[in-house]
Amino acid sequence: MKATAVRVRRALAMRSGDGLLRGAVWVLLALVLATLVGQLTGAGGRPDAIVGPRLQPPGSGWLLGTDNLGRSLLPRLLQGIGTTLLLSTLAVACTAVISTALGVVAGYRGGRTAELILRIGDVLYSFPAIVLAVLVAAVLGPGRTTALAAIVLVTVPLMTRMVGVAARAVARREFVTAARISGVSAPTIMLRHILPNVAGTVAVQGTYALSVGILVEGGLSFLGYGVQLPDASLGLLIQEGGLYMVGAPWLIVAPGVVLVAAIMAINLVGDSLRDRFEPRETRSLV
Amino acid sequence: MTVGTPPLLVIDDVVTEYRTATRVVRALDGASLTAGRGETVGIVGESGSGKSTLGLLTGRLLPSGTRCPRGRVLVDGESVLDLPPDRLARLRRERLAFVPQDPIGALDPTLRIGRQLRLALRDTPADLAALLEQVRIRDPEHVLRLYPHQISGGMAQRVAVAMAMARKPALLIADEPTAALDSQVREEVLRLLFTLAAENGTTVLWLSHDLGGVARWCARIAVMYGGRVVEDGTTAEVLSAPQHPYTGALLAADPARAKGGTRLLTIGGTPPVLSDDPQGCVFAPRCDSAGEDCPAVRPAPRTVAGRTVLCHHPGGTPETVPARKESAR
Amino acid sequence: MDHIRWLLGRVATAALTMFGVSVLIFAAVRAMPGSYTELVLGPLATQAEKASAAARFGLDRPVVEQYWHWLSNAATGDFGTSLVTRAPVAAEFGDRLPVTVTLTALALALTVLIGIPLGVYTGTRDSGGRGGVLGRLVSAFGMSLPEFALGSLVVFLFTRYRLGLTVGNYVPWSQDPLGSIGSLFLPACVLAVFCVAATARTTRDAVLGVLVEPHIAAAVARGEPKGFIVRHHVLRNASVPVLTLVATLSAYLLGGAVIVERLFNVPGLGSYVVDGLDRRDYAVIQAGVLLAAVVFIAANLLVDLVSGLIDPRISVLAKGAGS
């Protein structure tokens, strides 16, 4: 009896924060699932098929309306979500690998190595994200590669710095000193001792980087330097929708809502991860 | 405690629980303590015995998420646990003072010492330099211009003592104020603290690990174990003839009191972590004089040899403790 | 003494970063497809014409010399000539700077006036209850609104339903100061949404971090009222991360408000640079990106200096933590 009461009380205490996390995870799962189903089964039709008159409001043949060419928005939206998520995830995976490697080395070695890595990061960090992204676009030309490279360059500095700080804290702990004294090689220490202990930071920063990645991809595509037509991405769809929004607001509302929901869900997951991996003393007297 | 005037501090059968999302830890389990005006009380016990919680409780300074489902705390007749926030703040301001464990951490790192003192004593007109001189700080004008990270722990603790005593509090709670200091400075800070308290008629609760220090500075001693005060009497009597077996064990484990050539005893086992009403005496598993009733019946306060003891079989002396409780290490 | 050495170290680091930034920009512009002379002269130019143009622009000299030439000119305020308008880039910058500064100042004012009090309020009230969850939701929402989506929405609502403020008609400061602010108000609001959310969140985290410090517990034990503690002990201690964020945001607003400037037809610096990219106007790109980075570095240096004054431990800690 008593044990049950305690368990219920615990569940209630945990619930408020967990509800947000659960909601966020569901949103992300739904988006991924919708994209997969759309791409694999062709549900909603082909993205480039002209299904009806131009700029029609949502109706039976076109669930989310049609665009300026008479294409149905739904399949294009599914395609756009897929492109945006895939591109951002891929880029952030690159960022995670690069930043974790650099951060762990900087944190463990310290000294000149760390200084060099952090200074290079500072240089990249000195550009406003969208300006850096546009500069990348100017060198590489518009397209998917540009979006990918831009996201990596924008997210690497901050993540490297955070992983570096975390790795440095781990490198100062006794078990690392003990391993070093007992003759364990540096690569082994970094791999076996430092890496597992900064995994939480990598997860938290990676999640935040993912939301930044989606923002950068969106911004770039919106400016015309990212994903190119006839391909679709959320930023591109919003930009297209913006052109016709006075007569056909549905074209901007649907991708806008999806984009905001995706970024918000990712940010909330990041917050939960942060609370979990970087817990702080939360009891105050005031 | 003279008959007629009510005691300054009454802690009566208080239960205090820290609650987190996953568990409940009971830090005080029916603790009782009374202190009169001007008394000096040393509170001793292992870490986790509830000393610090008892100290914080006097000013209701427990973190949010702490509950006190039972008991009452009276300071000067005011029920601390029931006061509205503004009255509570006034009580803290006018009657209580705390001397912290970590003196540097207790100072605002971004403000000069002088500015902090002025802020803290804004309605007590005071000559800050004189205040610092009172706690034997040489060159007070210079110290007033320094930031907390620029002064030593001993200096910071003197500043804390000065800040605490400037308002002439009725009750001073010092939670191991010398734990972070080296031994020479430790003695000096204690002397200052108790001298100033005696001059102002301030009651002192000193939460301490230092039995020798308590013997030197406190008239009374209260021994805590498992969230209760298990023995409470005059220092001389308690230290010379402990009645509670835990007190005896604690004395036997104090290196400062060990006679040359004798073996230092340690107390086997670990202190309990309570989560709800325990059955019987919580010291029973570690106690050598435990009888059959000990694990079953919760001991009630009784008066033995002029002091209050929570034990079914008081009077067991550590000298008779069999050697099996010696540490293996 | 320590403090001065720390300051010099920070200035040196900033200078080093600026050097790295300039090299990166120079290299990026050289790496862009299409040669400079071809762009100036068009595809039909002869080899001789190209050679003479290259000599005229100094393109026949060694790369290091070209870099040095560009940097030393830029340092004296000469950013070269726009390929498109044939006007000095510096003059165009001078025209656009007041617009960008006004826009930034408006957005920053909103950010500071709303974000910081909001963060302090939620930080000192909320203890993880329902209010805390709501606060987290709202701030996460604010930080999840990309300016191109929010901006499009605002443009749509205000053009479609005539909500009073006109969109896309920038009024120069010299014509009508009040009207100028009015015309920048909407874009400033769009920019401010993210900034307010980020600032409120950072402030809240910083305040919560300070509230658990022992000196706050000591102040509570002294019987200080809550408002007093917040004013005298919390705000100052919590200000460093907030200042750092505000500096980052202001640099981002000064150089990176490209999307909002485009959406609202604001002739600011950011859109000038991106227009320059569209037209391959190298002088403009170089100058604009350099300026944005310099502003960022300068703002951060300033914040470092101010932080050192607010929290005197920073210089000591930095020394202890360095290498």
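**Chain A, overall**

I started with burial: 51% of the 286 residues in chain A are buried. I keep in mind that this is a predicted model. Next I looked up the secondary structure of chain A. I found nine helices and zero strands. Read along the sequence, the pattern is α-α-α-α-α-α-α-α-α. I then checked the contacts in chain A with a separation of 6 or more. Residues 24 or more positions apart account for 67% of them.

**Chain A against chain C**

How many residues of chain A are in contact with chain C? I get 47 residues of chain A, touching 52 residues of chain C. I listed the elements that give two or more residues to the chain A side. They are α1 (2–41), α3 (111–125), α4 (129–140), α7 (186–223), α8 (234–243) and α9 (250–277) of chain A. Which of these gives the largest share? I find that α9(A) does, with nine residues. I also sorted the chain A side by class. It has 26 nonpolar, 14 polar and seven charged residues.

**Chain C, annotated spans**

I turned to the UniProt record for chain C, an unreviewed entry. Its "transmembrane region" annotation covers residues 7–29, 101–121, 133–158, 178–200, 240–264 and 284–303. I checked two of these spans against the model. Residues 101–121 of chain C are 100% helix and 0% strand. The end C-alpha atoms of that span are 29 Å apart. Residues 284–303 of chain C are also 100% helix and 0% strand. Here I read 28 Å between the end C-alpha atoms.

**Chain B, domains**

For chain B, I again went to UniProt. An unreviewed entry lists "domain: ABC transporter" for residues 9–251. In the model I find that span to be 36% helix and 28% strand. Its end C-alpha atoms lie 27 Å apart.

I then looked up the domain division. Chain B splits into domain 1 (9–240) and domain 2 (242–329). The centres of the two domains, taken over C-alpha atoms, are separated by 27 Å. How many residues does each domain put into the contact? Domain 1 of chain B gives 24 residues and domain 2 of chain B gives 27. On the domain 1 side, I noted the elements that give two or more residues. They are β2 (24–35), α8 (211–217), β9 (220–225), β10 (228–234) and α9 (235–240) of chain B. By class, I count nine nonpolar, seven polar and eight charged residues on the domain 1 side.

**Two residues with positive phi**

I closed with backbone angles. Most residues other than glycine have a negative phi. I wrote down two residues with a positive value.

B:Lys168 has a phi near 50 degrees. Where does B:Lys168 sit? I find B:Lys168 in the loop between α6 (153–165) and β7 (171–175) of chain B. B:Lys168 counts as partly exposed because it has 16 C-beta neighbours inside 10 Å.

C:Asn265 has a phi near 55 degrees. I place C:Asn265 in the loop between α11 (258–263) and α12 (269–278) of chain C. Why does C:Asn265 count as partly exposed? I count 14 C-beta neighbours inside 10 Å. A residue is exposed at 12 or fewer and buried at 20 or more, so C:Asn265 falls in between.

Note on methods
Residues numbered from 1 in each chain as written. Chains lettered and ligands numbered in written order. Predicted model: local features only at pLDDT ≥ 70, side-chain atom pairs only at ≥ 80, totals over all residues. Helix = DSSP H or I, 4+ residues; strand = E, 2+ residues; numbered from the N terminus. Contact = placed C-beta atoms within 7 Å. Nonpolar A, V, L, I, M, F, W, Y, C, P; charged D, E, K, R; others polar. UniProt positions renumbered as here; feature names shortened; annotations may be inferred. Domains from an automatic or database assignment.
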